[in-house]
Amino acid sequence: MVKNNISNIMIIFGGTGDLTHRKLMPALYNLKYQKILPENFAVVSVGRRDKTEEQYRKEVLESVKNYSRFDIDEKVWQDLSERIYYKRFDFVYDNGYMELSSFLKELDENYNTKGNRVYYLAVAPEYFGIIVEKLYRHGMVNNETSWQRVVIEKPFGEDLESARKLNKMITDVFTERNTYRIDHYLGKEMLQNIMVIRFANVFFEPVWNRRYIDNVQISSNEIVGIENRGGYYEKAGALRDMVQNHMMQLLTLTAMEPPVNLDTESIRDEKVKVLKSLEIFTPEAVEKNVVRGQYAGYRQEDKVSPTSNTETFVALKVHVENFRWAGVPFYIRTGKRMPEKSTQIVIQFKPLPGILYFKEYKNLLPNLLVIKIQPEEGVKLQFNAKVPGAGDITIQPVDMDFCQNCQISNNSPEAYERLLYDVMRGDSTLFTRWDEVEYSWKFVDAIAEAWKDKTPDFPNYQPGTWGPKEANELLLRDNRMWWNV
Ligand SMILES: NC(=O)c1ccc[n+]([C@@H]2O[C@H](COP(=O)([O-])OP(=O)(O)OC[C@H]3O[C@@H](n4cnc5c(N)ncnc54)[C@H](OP(=O)(O)O)[C@@H]3O)[C@@H](O)[C@H]2O)c1
């Protein structure tokens, strides 16, 4: 593999789609704006719609205007737009690939890109296998003097079995090293910050274990419902859409052991160990530890069955069964139509022994560390302090609050900027390795299996609330509560 040469042509399959317009093209523009995009670079978008290159570039410009975090700089845009090409063909037929292959060779001459390729599959999952196989058949992969990488969007399968089949199709053609399974959560600034906070601060590292931590709460909430994604969401539900990927990634970064170094594989090895340590639920354990919900009104959404049993909310309690975490519950919660949009991790510390203040003052709150992932990015530490004044001592919780996107810059890089750049430079640390996908599915499949034969009593929560009451009971039972901080 030619690792340091980042010159490349990016081929976006699904170039007329929502993801390309809202995320990928604005990210490429932002990289160009920051002078990070390689000099030797071009992008070829493939779609089915009939349009000229000029039309396509105009549409991309509109998307960049709407979704990029930087204003349009004429010179930067001009330079990028001249490198954007549009090819129209249907993924399932061979002739398109033949033409594409010779066109890419021409571009190699013009841009000195030396055969390096990023194949970005921004397409529905049923096309992943077809495209990869055709790339191989048309000699567009495994050129010895250059590199070719494939980027696969989520969802990666709909259960372990389908994920395995998909993985086989991809790895028959691309090596694991050249396969980039994207989970855009991993590109978010604060996610990358979790390891730094844990392993670069003496405040946190020594107390990050069962002796000091009472429980961990990982939640990702949205105010919106399913918007226009009824067709997709009906098959996925919150368990597959959120828990299998994003929530498991947050869990692994929170619970992993320190890696031996910062190399990609060392980090991924530790993440996988967390997933291997998760208890796999029996149907009885699912009954006890997992709550599913559906908001009132979901069944009336476009492309949703009026009798749908798809969950729009999941809350669960799981243990990471290793020495560091034995006995510490991890509570996970994700839902749509919640009261607020927020993704965060709350670490609740154990109380001090019941002497002095913990003896005299009955209602002291625990210490909390809150890692805020989105939309606010930052860290908050809640601890007890004396209210100023003479007379009896009153103790109240106070906050030390670091708001990253207020203080460092109000313009944090988009996840896709980081991720696209990492693909070009061959760094797969922020992408999911196959065994991470595999163990996440094992965990999630056990829940899906237990749910299969039981009809839930849906809908069971009102929009704008924190989900069904059973989600609160899950913690109340343990004398705990969700921290909506
Ligand atoms: N949108 C997001 O924010 C988002 C976020 C995370 C993951 N994803 C994933 O990203 C992928 C793409 O999502 P999307 O929202 O961009 O989908 P989309 O808007 O429906 O776009 C699909 C794209 O595929 C093209 N296409 C479909 N069938 C084709 C065929 N037979 N031949 C050639 N082109 C074909 C479409 O071209 P035409 O329209 O020209 O026919 C269009 O460019 C999906 O796997 C999705 O799950 C999307």
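This passage describes a strand, a helix, a pocket and a loop residue in a predicted model.

Strand 11, which comprises residues 342-349, is mostly covered, with 8 of its 8 residues buried. In a regular strand the side chains alternate between the two faces of the sheet. In strand 11 both faces are covered: S342, Q344, V346 and Q348 are buried on one side, and T343, I345, I347 and F349 are buried on the other. Two pairings involve this strand. Strand 7 pairs with strand 11 in the antiparallel sense over 8 bridges, and within this pairing V216 has I347 of strand 11 as its bridge partner. Strand 12, formed by residues 368-374, also pairs with strand 11 in the antiparallel sense, over 6 bridges. Here the bridge partner of T343 is Q374 in strand 12.

Strand 7 (213-221) recurs in the surroundings of helix 15, since it is included in what covers the buried residues of that helix. Helix 15 spans residues 469-476, and its buried residues are A471, L474 and L475. These residues lie on the same side of helix 15 because they cover an arc of only 85 degrees around the axis. On the other side of the helix, K469 and L476 are exposed. The cover over the buried residues further includes helix 10 (283-289), strand 8 (290-293), strand 9 (313-319) and strand 10 (329-335).

The second largest pocket was examined next. Rolling a probe the size of a water molecule over the atoms shows where empty space is left. The volume of the second largest pocket is about 460 Å³. Its lining consists of 22 residues, and F349, K350, P351, L352 and N367 are those that lie nearest its centre. One of these, F349, is also among the buried residues of strand 11. At least two lining residues are supplied by each of helix 11 (357-360) and strand 13 (378-386). With 3 residues, strand 13 gives the most to the lining. By residue class, the lining divides into 18 nonpolar, 2 polar and 2 charged residues.

The remaining results concern A122, which is located in the loop between strand 4 (117-121) and helix 5 (128-137). Its relative accessible area is 16%; because buried means under 20% relative accessible area, A122 is classed as buried. When residues up to four places away in sequence are not counted, A122 touches I12, F13, G14, L19, T20 and L24. A122 and A200 are separated by 78 residues in sequence, and their C-alpha atoms are 36 Å apart in space.

Notes
Residues are numbered from 1 along each chain as its sequence is written. This is a predicted model: local features need pLDDT of at least 70, side-chain atom pairs count only at pLDDT 80 or more; totals for chains, interfaces and linings use all residues. Side-chain values use heavy atoms; hydrogens and water are left out. Buried means under 20% relative accessible area, exposed over 50%, partly exposed in between (1.4 Å probe, protein chains only). Helices (H or I, at least four residues) and strands (E, at least two) are DSSP runs, numbered from the N terminus. The arc is that of the directions from the helix axis to the C-beta atoms. Contact means heavy atoms within 4.5 Å. On a 1 Å grid over the protein atoms alone, a cavity is a set of points where a 1.4 Å probe fits but cannot get out, and a pocket is an open set with protein on both sides within 12 Å along at least five of seven lines; lining residues have an atom within 4 Å of a point. Grid points are joined across faces, edges and corners, and a volume is the space filled by probe spheres set on the points. Ala, Val, Leu, Ile, Met, Phe, Trp, Tyr, Cys and Pro count as nonpolar, Asp, Glu, Lys and Arg as charged, and the others, Gly among them, as polar. Two strands pair if DSSP finds at least two bridges between them.
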